[in-house]
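Work through the exercises below with the sequence and the model side by side. Try each task before reading its solution.

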Amino acid sequence: MTEKDLGADLVVVGAGIVGLAHAWHAVRAGMTVVVVERDGYAVGASVRNFGHVCTTAQGGDVLPIALAAREHWLHLGRDAGLEVRRAGTVLVARSAAEQAVLNEFAEERGDAVRSLTPGEAARLLGLAPSGVVGALHLVQDLRVDAPTALPAIAAHLERLGVRFRWRTAVRDAGDGVVTTTRGRIRAGRTVLAVGHDVDRFFPDTADEHGLTRCRLRMLEVDAPGGAAVGPALLTGTSMLRYDGLTSQPSARRVREEVLEQHPALLEHVVNLMLTQRPDGRLVIGDTHHYGVTEDPFEDERSDELVLAEAARLLGADLVVRRRWRGVYASAPTPFLVAQPRDGVQVVSVTSGIGMTTALGLAERVLTSTLVAA
Ligand SMILES: Cc1cc2nc3c(=O)[nH]c(=O)nc-3n(C[C@H](O)[C@H](O)[C@H](O)COP(=O)(O)OP(=O)(O)OC[C@H]3O[C@@H](n4cnc5c(N)ncnc54)[C@H](O)[C@@H]3O)c2cc1C
């Protein structure tokens, strides 16, 4: 097949959530759009995650992007016939220091959060985590089922007129041309949304931004007692990850506590959390290991640790049904937006929150309110 006659106002490279977010905003703005994806369907970070649109726990400049993305998810969900659950998140505290973070965060965020007793948290969750002394309901957070959401969004975009080139790898982009394994595509503008693979195209840009790879382990388990769990469940380790929580004064005490009592959680950079899939299974995770090159070997202790901690949290032995690895781009700043060549923008979420932010970030990139760094 030759692509010699194919052209578009915008060519998007990568059909993960970042690429699809750009395609969605662009086609709605009246642009012609082609999405080029090297695989037969999206199999990257965007289908391997919790589907947690974790709006509330974001802080600083990321929060308005996450809030905008939240509105776009609701809109896209309606238009694409895709379930976007407004179930929120329950963030549990299991120590006095964790409770102090909840209090500080609640004071700062007002109506975006609601304090819960352990009993209220259990009722909202549909299960009773052990050792809970208090909780917050992060009411704005959403949930989607990532493995089914991505194909549904791609199908919706096709109905809107976006053209997809699957199983087509991009080799280069510049001078108004995107060169693929199946030919060339004329491009008014190109957005390279290749996740953690920015260095495969523009190694200097990747190095300038300190881009590295973060690999994560995820497990799918049966829900204890067949529980129906509405909200996402976050725990004390989440207070060490999301900026809205890490910025609270008592977060330092939580870190010290984890270091004293469960140092392995820091060694494997565990964020103990879960969400439920439509078939009832719980997605639990996760661990984080960093390196510019993705290490191929898995340390069994990291899965054992997450399983043991999840079993302790849920007060039940857990039956594992599936396991997988995910990789995302990581850097000191939350986003990498750069223009290494005229007409070519690189966009990567470098903080593990692409499901939470991509729909807001893409809007800014396309309207160029976020200036290339
Ligand atoms: C285990 C895990 C859990 C997570 N949980 C959450 C969560 O709950 N909430 C949240 O907000 N975020 C979460 N994240 C982060 C989020 O998933 C990522 O930030 C987001 O998916 C990144 O999207 P992307 O489109 O940049 O990358 P990807 O989904 O990886 O997509 C990049 C695409 O580019 C394609 N590509 C690469 N090179 C080429 C080429 N040369 N030619 C054509 N195509 C190419 C790839 O095949 C791929 O499909 C999680 C991530 C992981 C790994």
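**Exercise 1. Classify the packing of helix 2 and helix 5: how are they oriented to each other?**

Solution. The model is predicted. Start with the general scheme: two packed helices are described by the angle between their axes and the distance between the axes.
- Step 1. Locate the elements: helix 2 covers residues 62-80 and helix 5 covers residues 146-160.
- Step 2. Take the distance: the two axes come within 10 Å.
- Step 3. Take the angle: the axes cross at roughly 70 degrees.
- Step 4. Apply the cut-off: 65 to 115 degrees counts as roughly perpendicular. Helix 2 and helix 5 are therefore roughly perpendicular to each other.
- Step 5. List the residues in contact. Helix 2 contributes Trp73, Leu76, Asp79 and Ala80. Helix 5 answers with Ala152, Ile153, His156 and Arg159.
- Step 6. Sort by class: this contact has five nonpolar, one polar and two charged residues.

**Exercise 2. Which residues have the most contacts inside the largest nonpolar core?**

Solution. In soluble globular proteins, nonpolar side chains tend to be buried together.
- Step 1. Size the core: the largest one has 102 residues.
- Step 2. Rank by contacts: Val33, Trp73, Leu157 and Ile284 have the most inside this core.
- Step 3. Find the main contributor: helix 1 (residues 17-28) supplies the largest share, eight residues.
- Step 4. Look for a separate core. A second one has 23 residues, including Ala173, Ile185, Val194 and Leu211.
- Step 5. Zoom in on Ile284, leaving out residues up to four places away in sequence. Its contacts include Phe50, Met218, Met273, Val306 and Leu318.

**Exercise 3. Where do the partners of the Arg213 and Asp199 salt bridge lie?**

Solution. Side chains of opposite charge can pair when their charged atoms come close.
- Step 1. Check the distance: Arg213 and Asp199 meet at 2.8 Å, N to O. The cut-off for a salt bridge is 4 Å.
- Step 2. Place the partners: Arg213 lies in strand 12 (residues 212-221) and Asp199 in helix 6 (residues 198-201). The pair therefore ties together parts that are 14 residues apart in sequence.
- Step 3. Check burial: Arg213 has a relative accessible area of 4%, so Arg213 is buried.
- Step 4. Count over the model: there are 23 salt bridges.

**Exercise 4. Set two more salt bridges side by side: Glu298 with Arg215, and Arg253 with Glu256.**

Solution.
- Step 1. Distances: Glu298 and Arg215 meet at 3.5 Å, N to O. For Arg253 and Glu256, the closest N and O atoms are 3.3 Å apart.
- Step 2. Separation: Glu298 sits in the loop between strand 16 and helix 11, 83 residues from Arg215 in strand 12. Arg253 and Glu256 both lie in helix 9 (residues 251-261), three residues apart, about one turn of the helix.
- Step 3. Accessibility: Glu298 is partly exposed at 35%, while Arg215 is buried at 15%. Arg253 is partly exposed at 37%. Glu256 is partly exposed at 32%.
- Step 4. Extend the first pair: Arg215 and Glu298 belong to a salt-bridge network with Arg217, Glu294, Asp303, Arg323 and Arg325.

**Exercise 5. Is Thr235 buried or exposed?**

Solution.
- Step 1. Place Thr235: the loop between strand 13 (232-234) and helix 8 (243-246).
- Step 2. Read the relative accessible area: 1%, so Thr235 is buried.
- Step 3. List the contacts, leaving out residues up to four places away in sequence: Thr235 touches Leu91, Val92, Arg94, Leu272 and Leu313.

Terms used. Residues are numbered from 1 along each chain as its sequence is written. This is a predicted model: local features need pLDDT of at least 70, side-chain atom pairs count only at pLDDT 80 or more; totals for chains, interfaces and linings use all residues. Side-chain values use heavy atoms; hydrogens and water are left out. A nonpolar core is a set of buried Ala, Val, Leu, Ile, Met, Phe, Trp, Tyr and Cys residues joined through side-chain atoms within 4.5 Å. Buried means under 20% relative accessible area, exposed over 50%, partly exposed in between (1.4 Å probe, protein chains only). Helices (H or I, at least four residues) and strands (E, at least two) are DSSP runs, numbered from the N terminus. Contact means heavy atoms within 4.5 Å. Axes are lines fitted to C-alpha atoms, for helices over the stretch in contact, and angles run from 0 to 180 degrees between N-to-C directions. Angles under 35 degrees count as roughly parallel, over 145 as roughly antiparallel, 65 to 115 as roughly perpendicular and the rest as oblique. Ala, Val, Leu, Ile, Met, Phe, Trp, Tyr, Cys and Pro count as nonpolar, Asp, Glu, Lys and Arg as charged, and the others, Gly among them, as polar. A salt bridge is a side-chain nitrogen of Lys or Arg within 4 Å of a carboxyl oxygen of Asp or Glu.
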